[in-house]
Amino acid sequence: MENDWRLVQDVRLRALREDPDVFGASLSREERFTESHWRMRIRTTTTWVAVDVDGAGRGIVTMMQEPGSPVDDRHIVALWVAPESRRQGVGWALLDAVRQAAVAQDARTVSLWLLDGNHAAGDLFVRAGFTRTGERQVVPRDTSQTEERYVVTLRDAASA
């Protein structure tokens with residue numbers, strides 16, 4: 001997938017352009033990334049891009065093992081679906097891809113941080129089986145905002 005770096009770049013930058021307030025990154029920073037950075041990002045995380053029949057990117061999600069998290073947790077970063085593709089199953093498909101990959105990696109949980117006020121995404125995550133943990137933190141790039149951790153359990157600790 002590393003050779004798909006332009007597709008990943010295009011969808012990621014579109015997401016940052018159209019919905020800048022829901023991400024922990026800035027468009028101006030990521031617009032400066034070079035090809036080597038995009039390729040490195042693809043090599044070091046697992047990213048899925050939903051494409052339509054014409055090959056246009058309609059959604060993106062990245063899964064990683066977050067530094068400092070338990071070894072059996074996988075973390076969702078930056079799930080985004082293009083406005084014209086919302087409520088058509090794209091978000092579900094991207095979450096299913098993450099869940100399947102996490103299970104294949106023997107993860108026990110999948111977690112994410114969701115910005116307060118992002119109700120549409122929160123509804124999707126809850127319908128997909130995630131629960132709100134009550135664990136909260138200030139958003140590093142904007143200390144006037146907070147986010148909450150959500151988690152879904154794939155298997156119980158006893159089966160580890």
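Student: Which residues are exposed on the other side of helix 4, away from its buried ones?
Tutor: This is a predicted model: local features need pLDDT of at least 70, side-chain atom pairs count only at pLDDT 80 or more, and totals for chains, interfaces and linings use all residues. Residues are numbered from 1 along each chain as its sequence is written, and side-chain values use heavy atoms, leaving out hydrogens and water. Exposed means over 50% relative accessible area, buried under 20%, partly exposed in between (1.4 Å probe, protein chains only). On that side of helix 4, the exposed residues are Q100 and A104.

Student: Within what arc do the buried residues of helix 4 fall?
Tutor: The buried set is V90, G91, L94, L95, A97, V98, A101 and A102. They line one face of the helix, because the arc, taken from the directions from the helix axis to the C-beta atoms, is 150°.

Student: Why would such spacing put residues on one side?
Tutor: Count the turn. An α-helix has 3.6 residues a turn, so the residues that point the same way are three or four places apart.

Student: Which helix do the buried residues of helix 4 pack against?
Tutor: Helices and strands here are DSSP runs (H or I, at least four residues; E, at least two), numbered from the N terminus. The buried residues pack against strands 1, 2, 3 and 4. The helix they pack against is helix 5 (119-127).

Student: How far does helix 4 reach from its first C-alpha to its last?
Tutor: Helix 4 has 15 residues. The expected span is 1.5 Å times one less than the number of residues. That expectation is 21 Å, and the model comes close to it, at 21 Å.

Student: Is S85 buried or exposed?
Tutor: S85 sits in the loop between strand 3 (73-81) and helix 4 (90-104). Leaving aside neighbours within four places in sequence, its contacts (heavy atoms within 4.5 Å) are R58 and V90. Its relative accessibility is 7%, so S85 counts as buried.

Student: How many bridges join strand 4 and strand 6?
Tutor: Strands pair if DSSP finds at least two bridges between them. Strand 4 (109-115) and strand 6 (142-153) pair in the antiparallel sense. One bridge links L112 to Y150. The bridges between the two strands number seven.

Student: Which residue of strand 6 is the bridge partner of T131?
Tutor: Strand 5 (131-139) also pairs with strand 6 in the antiparallel sense, over six bridges. The two form a hairpin with two residues between them. In strand 6, T131 has as its partner V151.
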